Amino acid sequence: MRAFLYGAVLQWKLDIRSKSLLVTCYLVPLIFFALMGGIFTSVMPDMKDTLIPAMIVMGVSMGAFIGLPPSLAETYGSDIKKIYAANGVPLCFGWAAMYLSAFIHLFLMCLIILLTAPMAFDAALPSDLPLFFAALSIYIAVSLSVGSVLGLTIKNQSKLTMAAQLLFLPSIMLSGIMFPIGLLPGPLITAGKIFPAFWGYRLMLDNGFLPQNLWYLSFVFLITVSFCVILLKGLRRPPQRPF
């Protein structure tokens, strides 16, 4: 356990120096928040009540789908995994350390939005902060688990970037954070419910911590984490030599 915590802290320090993580987990989400927060609240004054969860959904989705997968693909698609095996370190160690590090970074980014939105845009704070933080933690965990599947499955960086964008853009456009979901046609509303962002956004709203908003996120988390474990076990098997 001490070795894992040491590795997680070391990974967190390494991620601080990572330009890609700085861009995807801090720079772009916070710039988007600074620019679009004023626009949203000016065009739609009622959005002051939902601005914080809306901006958080965008930031977490970017960090989880675009920031984490390339790091995982780089680690498990290279000889780094052989170093783990040579030193008797489980392959899941690297994934767990990167997962925990990304979780902390995304949580810090969300705290920045939570603390600055009321002062900058007169946004309403969540009425129940403990429940809000619980919902936020669940949404970050689920999003990172989905991003982990991408990073462990797709090793080619160009294909990974395309797949991440195909997951990120619908998550934002169909979740209801940009405009009321009722403006979309029925098929797109149904399609939007496939993505965790749709349910995470509703879970973080006031009085939104309900079983109907939680069950799908729990299901996705269990499926994706199980799939990650299966993928990591598959990486331990030596490649079969042709006869």
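Here are three short exercises on this predicted model, each with a worked solution. Residues are numbered from 1 along each chain as its sequence is written, and side-chain values use heavy atoms, leaving out hydrogens and water. Local features need pLDDT of at least 70 and side-chain atom pairs count only at pLDDT 80 or more, while totals for chains, interfaces and linings use all residues.

**Exercise 1. Get an overview of the chain: how many helices and strands does it have?**

Step 1. Count the elements, which are DSSP runs numbered from the N terminus (helices: H or I, at least four residues; strands: E, at least two). You should find 10 helices and 0 strands.

Step 2. Check how much is tucked away. Of the 243 residues, 44% count as buried, where buried is under 20% relative accessible area, exposed is over 50% and partly exposed lies in between (1.4 Å probe, protein chains only).

Step 3. Look at contacts, meaning heavy atoms within 4.5 Å. Among those with a separation of 6 or more, 75% are between residues 24 or more positions apart.

**Exercise 2. Find the salt bridge: which side chains meet in it?**

Step 1. Apply the rule: a side-chain nitrogen of Lys or Arg within 4 Å of a carboxyl oxygen of Asp or Glu. The count comes to 1 salt bridge.

Step 2. Name the partners. They're Asp-122 and Lys-48, at 3.8 Å from N to O.

Step 3. Place them. Asp-122 sits in the loop between H5 (92-121) and H6 (129-153), and Lys-48 in the loop between H2 (19-43) and H3 (51-76), so the pair links parts of the chain 74 residues apart.

Step 4. Check exposure. Asp-122 is exposed, at 53% relative accessible area, whereas Lys-48 is partly exposed, at 29%.

**Exercise 3. Describe how H2 packs on H3: at what angle do their axes cross?**

Step 1. Use axes fitted to C-alpha atoms over the stretch in contact, with angles from 0 to 180 degrees between N-to-C directions. The H2 and H3 axes come within 9 Å and cross at roughly 150 degrees.

Step 2. Name the arrangement. H2 and H3 are roughly antiparallel, a label for angles over 145 degrees.

Step 3. List who touches whom. Residues of H2 including Phe-32, Phe-33 and Phe-40 belong to a contact with H3 residues that include Met-55, Met-58 and Met-62.

Step 4. Sort the residues by class. The contact has 11 nonpolar, 6 polar and no charged residues (nonpolar: Ala, Val, Leu, Ile, Met, Phe, Trp, Tyr, Cys and Pro; charged: Asp, Glu, Lys and Arg; polar: the others, Gly among them).

Conventions: Angles under 35 degrees count as roughly parallel, over 145 as roughly antiparallel, 65 to 115 as roughly perpendicular and the rest as oblique.
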